[in-house]
Amino acid sequence: MVHRSDLGLLKEKLVAAEAITVLTGAGISADSGVPTFRGADGLWRNFRAEDLATPEAFEQDPRLVWEWYNWRRELIATKQPNDAHKAIVELERRCPNFWLITQNVDGLHRDAGSRNISEIHGNIWTVRCTQCGVTEENRDLPIAILPTCRRCRGLLRPHIVWFGESLEAKDLQSSYAALQSSEVCLIIGTSGLVYPAAGFASVAKEAGAFIAEINLDTTPQSALVDISLQGRAKDLVPLLLEPL
Ligand code: OAD
C-alpha cells in the first residue's frame, strides 16, 4: 500500500537532495522476468542459491555450479531493463552526487545506462581464472563446461561474490563513502538478509540520511526506514520522477 503523503514527502526529499544512494536487489529485476533468490521461482533443480553460490559447492562440483550459471545466463540474456531500472538512470542524471549499489549480477542496470554503480556481488558476464586470477568478459551462450583460461588453462569460475567470500575492497569503500554522505537512501527490492548489504540502511541512517524502502513486502529493514512503499518496483520507482 502506498500513502500519497509518503510518496510526496519522498519526492520532495529526492528533489532537494544533492547526494542520493540507491541500493537494489533481485526484486527490481523480477519485473524484467529474472527470478528472485528467495521467491517461489528461485529454485533450480531444487537447489537454493545458498547451496550453489559457495566456494565449497564449486570445489565439490564445478560442473553443477556452471550448469546453474549457464541456466541463469541463458535466462538473463533474454531480459531487458524495466521502467524501474530506467527511472534510476534518470535519478542519476538529475542528482550531482549519485551512487547505485546493486546486489544483482544480471547487468541490467548497466544495460539501462547507469554509470555511477558498484555491482557488489559481481557480474554474471565476467569470469575469473581460479589459477592466475585474470578476469574477463565472457558472453558465451552456453559457456563451455568446464571453461578454461586462455592464458594458463586454469579452471574459470563466475566472477561473483559467493556466500562466505568477501566483497572487493573498492566496492566496499565506494559503497560506504556513498552511504555516509547521502541525504537520501533508497532501498529497492531486496530481502535485506544478506550482509554486508543488509547493514547498509543502518549505515546511511546513522549518517543522517532519509531512508525509503520499495518492496512488495516488509523486510527486516522496514522498521528502521523513514518511509516504506509497498508495491512493484516498476510501478513505484517511476512515480518518484513525476513533478511534485
Ligand atoms: P531476494 O530474493 O532475497 O529478495 C528479493 C526481494 O525483492 C524480496 O524482499 C521481495 O519481496 C522483493 N520483490 C520481489 N519482487 C518485487 C518487485 N516486483 N518489486 C519490488 N520488490 C520485489 O534477493 P536479494 O535481496 O537481492 O547473492 O538477495 C541478496 C543476495 O542473496 C543476492 O545478491 C544473491 C543471493 O544469494 C549472490 O548471488 C552472491
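The largest cavity in this model, which I should say at once is a predicted one, has a volume of about 110 Å³. The search gives three cavities of 30 Å³ or more in total, and I will speak about two of them before I turn to the pockets. Around the largest cavity you will find Val34, Pro35, Thr36 and Phe37, then Asp41, Gly42 and Ala49, and finally Trp68, Trp71, Arg72, Leu75 and Ile76. Which helix gives the most to this lining? That is helix H5, residues 62-77, with five residues. If we sort the lining of the largest cavity by class, we count eight nonpolar residues, two polar ones and two charged ones.

Let us move on to the second largest cavity, which holds about 80 Å³ of space. Its lining is made of Ala26, Ser29, Val34, Pro35, Phe37, Arg72, Ile76, Asn104, Val105 and Asp106. Helix H2, which covers 26-30, and helix H5 each supply at least two residues of this lining, and by class the lining of the second largest cavity divides into six nonpolar, two polar and two charged residues. Where does this cavity lie with respect to the two domains? Domain 1 is built from the segments 4-33, 81-121 and 167-241, and domain 2 from 35-78 and 122-160; because both of them give residues to the lining, the second largest cavity lies between them.

One residue of that lining, Asn104, is worth a pause. You can look for Asn104 in the loop that runs between strand E2, residues 97-102, and helix H7, residues 108-112. Is Asn104 buried or exposed? Its relative accessibility is 5%, and since buried means under 20%, Asn104 counts as buried. The side chain of Asn104 also has a polar atom that lies 3.0 Å from the backbone oxygen of Gly25.

Now for the pockets, beginning with the largest pocket, in which about 820 Å³ of space lies. The lining of this pocket has 43 residues, and those that lie nearest its centre are Ala26, Phe37, Arg38, Gly189 and Ser191. Helices H2 and H5 and strand E8, residues 210-215, each supply at least two residues of the lining, and H2 gives the most, with four. By class, the lining of the largest pocket has 21 nonpolar, 16 polar and six charged residues. Here too we can reason from the domains: domain 1 and domain 2 both give residues to the lining of the largest pocket, so this pocket lies between them.

Let me stay for a moment with Arg38, one of the residues nearest the centre of the largest pocket. Arg38 sits in the loop between H2 and helix H3, residues 49-52, and with a relative accessibility of 37% it counts as partly exposed. How far apart are Arg38 and Asp235 in sequence and in space? They are 197 residues apart in sequence, and their C-alpha atoms are 21 Å apart in space.

The second largest pocket contains about 470 Å³ of space. Its lining has 29 residues, and Glu119, Gly122, Asn123, Thr126 and His159 are the ones nearest its centre. Among the elements that give two or more residues to this lining are H5, H7, strand E3 (117-119), strand E6 (156-160) and helix H8 (169-181), while strand E4 contributes the largest share, five residues. The classes in the lining of the second largest pocket are nine nonpolar, eight polar and 12 charged residues. Since domain 1 and domain 2 both give residues to this lining, the second largest pocket lies between them as well.

I will end with the cysteines. A disulfide is a covalent bond between the sulfur atoms of two cysteines. How many disulfides does a search of the whole structure find? The search finds zero. Cys132 is in no disulfide, and the nearest cysteine sulfur, that of Cys129, is 3.7 Å away. With a relative accessibility of 38%, Cys132 counts as partly exposed. Why does Cys152 not form a bond with Cys129? The sulfur of Cys152 is 3.5 Å from that of Cys129, its closest cysteine sulfur, which is too far for a bond, because a disulfide needs the two sulfur atoms to be within 2.5 Å. Cys152 is also partly exposed, with a relative accessible area of 34%.

Definitions and conventions: Residues numbered from 1 in each chain as written. Predicted model: local features only at pLDDT ≥ 70, side-chain atom pairs only at ≥ 80, totals over all residues. Heavy atoms only, no water. Buried < 20%, exposed > 50% of the residue type's maximum accessible area, 1.4 Å probe, protein only. 1 Å grid on protein atoms, 1.4 Å probe; cavity = no way out; pocket = protein on both sides within 12 Å on 5 of 7 lines; lining within 4 Å. Points joined across faces, edges and corners; volume = space filled by probe spheres on them. Nonpolar A, V, L, I, M, F, W, Y, C, P; charged D, E, K, R; others polar. Domains from an automatic or database assignment. Polar contact = N/O pair within 3.5 Å; in protein donor to acceptor, adjacent residues only side chain to side chain.
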